[in-house]
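These are my notes from going through one model, kept in the order in which I looked things up. I wanted to see how one part of the fold is put together before turning to the whole.

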Amino acid sequence: MTIKEINSLISEWAPKELAWEKDNIGLQVGSYEKPVHKILAALDVTIDVVDECISKNIDLLIVHHPLIFTSIKSINSNDRIGELIFKLIENRISVIAAHTNLDFTKYGVSYTLAQKLELKNIKILKPAESHFKKIAVFVPSDYTEKVAESMANAGAGVIGNYDYCSFRTSGIGTFKGGKETKPFIGTPGEFEKVEEIKLEMIVPDWKLSDVTNALRRSHPYEEPAFDIYPLEIETEYYGGGAIGTFEEALTQKKFLQHIKEKLNSENIKYVEGSQDKIKTVAVCGGSGSNLIPDAVAAKADAFVTGDVGYHSFIEANGKILLADAGHFETEVAIVESIVNYLKNKFISLKENIQISAATQIKNPIQNI
Ligand SMILES: [Zn+2]
């Protein structure tokens, strides 16, 4: 498999279209065409992690935080990023990043954090605005299966764990081809009536051009007619943060102790909420203060994230237990999720590619 193919596997889980516009995901260093045999996953590209890659003969490093985030004017081996790029290239190690696309997908960063805290019934906290369209195509009835199948193979018709979902209604299509046309049915210049099926399927935005191309390829007409509608539905697959419940409510004190243990967090900063017992908990891995109002609106008893500023604590105080467990601590579990996801993919695709989490992942922030 090439790096490009591995990046596409990640995109199936965390589509690149979910990422923030200013983010820099995908290939950071190397070549998309390069075949991959051994992968290491980490949170950041650091010298220790790169040294581990060298000692383990790794050809691809997958990280959550992009190595190159803002534009760089030179690759200077005397600065941190320049030195890392030099070392990676010298040792023929490629790097790809899956950042905010992994933040905004189901089973991504926040979902993993919720699982780590042993929450149940986990859902996306702030579902994304619709990322879906409905496509309706008019097909002569004998060709319905062929067109539906090729659209489904290109990514249409997936609803939850079901695929090949469609709805079909029959009706009469009419047309009159110009003199230059070569109609599949009928004669140029004559008014025709044909029994057709209106075939409707749901399509995620990022599959739309693949699906319309597949539709055109499989449709017998010279000019297939189809409509595309935006769908005003919230999706349960993509969005910010996650929310879940404990089987049994915990006291505030026990809850804070629980976070500390599960996230290996040495230092938790918090303000108390309005509830003595904590049962419903919202989380956001990394920096999630912007989701505090969503956590309050969702009636969460507590909100766990990182990088919380003083003013956010003031805002939350007495309303919701707000706990800052650290950016690193609330995100690092995603590395195992990346490893497990790709490991399972490689098994089902019968690919002999090794993948593991780096052992040199360290929180650069220390506490005294
Ligand atoms: Zn982060």
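What is the sign of phi at Gly-155, the residue that follows helix 6? I looked this up in what is a predicted model, and found that phi of Gly-155 is positive, near 115°.

**Entry 1: helix 6.** I then went back into the helix itself, which runs over residues 144-153, and noted that its buried residues are Val-147, Ala-148 and Met-151. I asked myself why these three belong to one side of helix 6, and the reason is that they cover an arc of only 100° around the axis. Looking for what lies over these buried residues, I found that the cover includes strand 6 (132-140) and strand 8 (191-204), and also helix 7 (208-218).

**Entry 2: the sheet.** Since two strands had come up, I traced the sheet next, and I recorded it as an open sheet of four strands in the order 7-8-6-9, with antiparallel pairing. Its edges are strand 7 (167-176) and strand 9 (226-230), each of which pairs on one side only. I also noted that neighbouring strands here are turned by 30° against each other on average, when direction is ignored.

**Entry 3: the pairings.** I followed the antiparallel pairing of strand 7 with strand 8, which extends over 10 bridges. For particular partners across this pair, I wrote down that Gly-171 has Glu-196 of strand 8 as its bridge partner, and that Thr-174 is bridged to Lys-193, also in strand 8. Strand 8 also pairs with strand 6, again in the antiparallel sense, over nine bridges, and there I found Val-139 standing opposite Ile-197 of strand 8.

**Entry 4: helices on the sheet.** Coming back to the helices with the strands in hand, I saw that helix 6 packs on the sheet and touches strand 6, strand 7 and strand 8, its direction making about 25° with that of strand 8. Helix 7 packs on the sheet as well, touching strand 6, strand 8 and strand 9, and its direction makes about 0° with that of strand 6.

**Entry 5: the whole protein.** Finally I stepped back and noted 12 helices and 15 strands in the protein, with a C-alpha trace that spans about 85 × 55 × 40 Å along its principal axes. Of the 368 residues, 38% are buried. I also looked at contacts between residues at least 6 apart in sequence, and of these 73% join residues at least 24 apart.

Notes. Residues numbered from 1 in each chain as written. Predicted model: local features only at pLDDT ≥ 70, side-chain atom pairs only at ≥ 80, totals over all residues. Buried ≥ 20, exposed ≤ 12 C-beta atoms within 10 Å, placed from the backbone. Arc of directions from axis to C-beta. Contact = placed C-beta atoms within 7 Å. Pairing = 2+ DSSP bridges. Axes fitted to C-alpha atoms, helices over the stretch in contact; angles between N-to-C directions.
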